[in-house]
Amino acid sequence: MKYKIQLDTQSQLFIAIDLTDQQHTGTGRTIEQAVAQLNN
């Protein structure tokens, strides 16, 4: 899966976004947590 990472500076959370489906996202305090949630 290809994804991009964004950082929400207000909440200090990373957001992993699936490149093929922009509605499929995962969030976490670390990039690893965001990607793991995206894969679930």
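In this short talk I will walk through the fold of one small protein chain, starting with its overall layout and ending with its helix. Please keep in mind throughout that this is a predicted model.

Let me begin with the overall layout. The protein chain has 40 residues, and 22% of them count as buried. If you look for regular elements, you will find one helix and three strands, and when you read along the sequence they come in the order β-β-β-α. The C-alpha trace spans about 25 × 15 × 10 Å along its principal axes. The accessible surface of the chain comes to about 3000 Å², and carbon and sulfur atoms account for 49% of that surface. As for contacts, if we take those between residues at least 6 apart in sequence, 9% of them join residues at least 24 apart.

Now let us turn to the strands, beginning at the start of the chain. Met1 sits in the segment before β1, the strand that covers residues 3-8, and Met1 is exposed, because its relative accessible area is 56%, where over 50% is what we call exposed. Together with Tyr3, Ile5 and Ile31, Met1 makes a nonpolar surface patch of about 360 Å².

From there we can follow β1 into its partner. The strands β1 and β2 run antiparallel and are joined by six bridges, and one pair to look for is Ile5 with its bridge partner in β2, Ala16. Between these two strands there are four residues, and the whole arrangement forms a hairpin. In the loop between β1 and β2 you will find Gln12, whose phi is near 60 degrees, a positive value in a residue other than glycine. How exposed is Gln12 there, in terms of relative accessibility? Gln12 counts as partly exposed, because its relative accessibility is 45%, and partly exposed is the range between the 20% limit for buried and the 50% limit for exposed.

The next step along the chain is a second hairpin, which joins β2 to β3 through six residues. These two strands also pair in the antiparallel sense, here over four bridges. Two pairs help to find your place on the screen: Ile17 stands opposite Thr25 in β3, and Ile15 stands opposite Thr27, also in β3.

It is worth pausing on β3 for a moment. In a regular strand the side chains alternate between the two faces of the sheet. Which residues of β3 point to one face and are buried, and which point to the other and are not? Gly26 and Gly28 are on the buried side, while Thr25 and Thr27 point to the other face and are not buried.

That brings us to the helix, α1, which runs over residues 31-39 and whose buried residues are Ala34, Val35 and Leu38. Seen down the axis of α1, these buried residues fall within an arc of 95 degrees, and therefore they line one face of the helix. On the other side of α1, by contrast, Glu32 and Asn39 are exposed. What covers the buried residues of α1? The cover includes β1, β2, which is residues 13-18, and β3, which is residues 25-28.

Let me look at two residues of α1 in a little more detail. The first I have chosen is Ala34, which lies in the helix and is buried, because its relative accessible area is 0%, where buried means under 20%. Leaving aside residues up to four places away in sequence, Ala34 touches Phe14, Ala16, Gly26, Thr27 and Gly28. Two of those names, Gly26 and Gly28, should be familiar as the buried glycines of β3, and Ala16 is the residue that we met as the bridge partner of Ile5. For Thr20, the model places the C-alpha atom 17 Å from that of Ala34, and the two residues are 14 apart in sequence.

The other residue is Ala36, which also lies in α1. Ala36 is partly exposed, because its relative accessible area is 40%. Its C-alpha atom is separated by 7.5 Å from that of Gly26, and these two residues are 10 apart along the chain.

To finish, I would like you to keep this picture in mind: three strands followed by a helix along the sequence, with strands among what covers the buried residues of that helix.

Conventions: Residues are numbered from 1 along each chain as its sequence is written. This is a predicted model: local features need pLDDT of at least 70, side-chain atom pairs count only at pLDDT 80 or more; totals for chains, interfaces and linings use all residues. Side-chain values use heavy atoms; hydrogens and water are left out. Buried means under 20% relative accessible area, exposed over 50%, partly exposed in between (1.4 Å probe, protein chains only). Contact means heavy atoms within 4.5 Å. Accessible areas come from the Shrake-Rupley method with a 1.4 Å probe; for residues, only the protein chains shown count as cover. Patches are made of residues with over 30% relative accessible area and no salt bridge: like charges are joined within 9 Å, nonpolar side chains (Val, Leu, Ile, Met, Phe, Trp, Tyr) within 5 Å. A salt bridge is a side-chain nitrogen of Lys or Arg within 4 Å of a carboxyl oxygen of Asp or Glu. The arc is that of the directions from the helix axis to the C-beta atoms. Two strands pair if DSSP finds at least two bridges between them.
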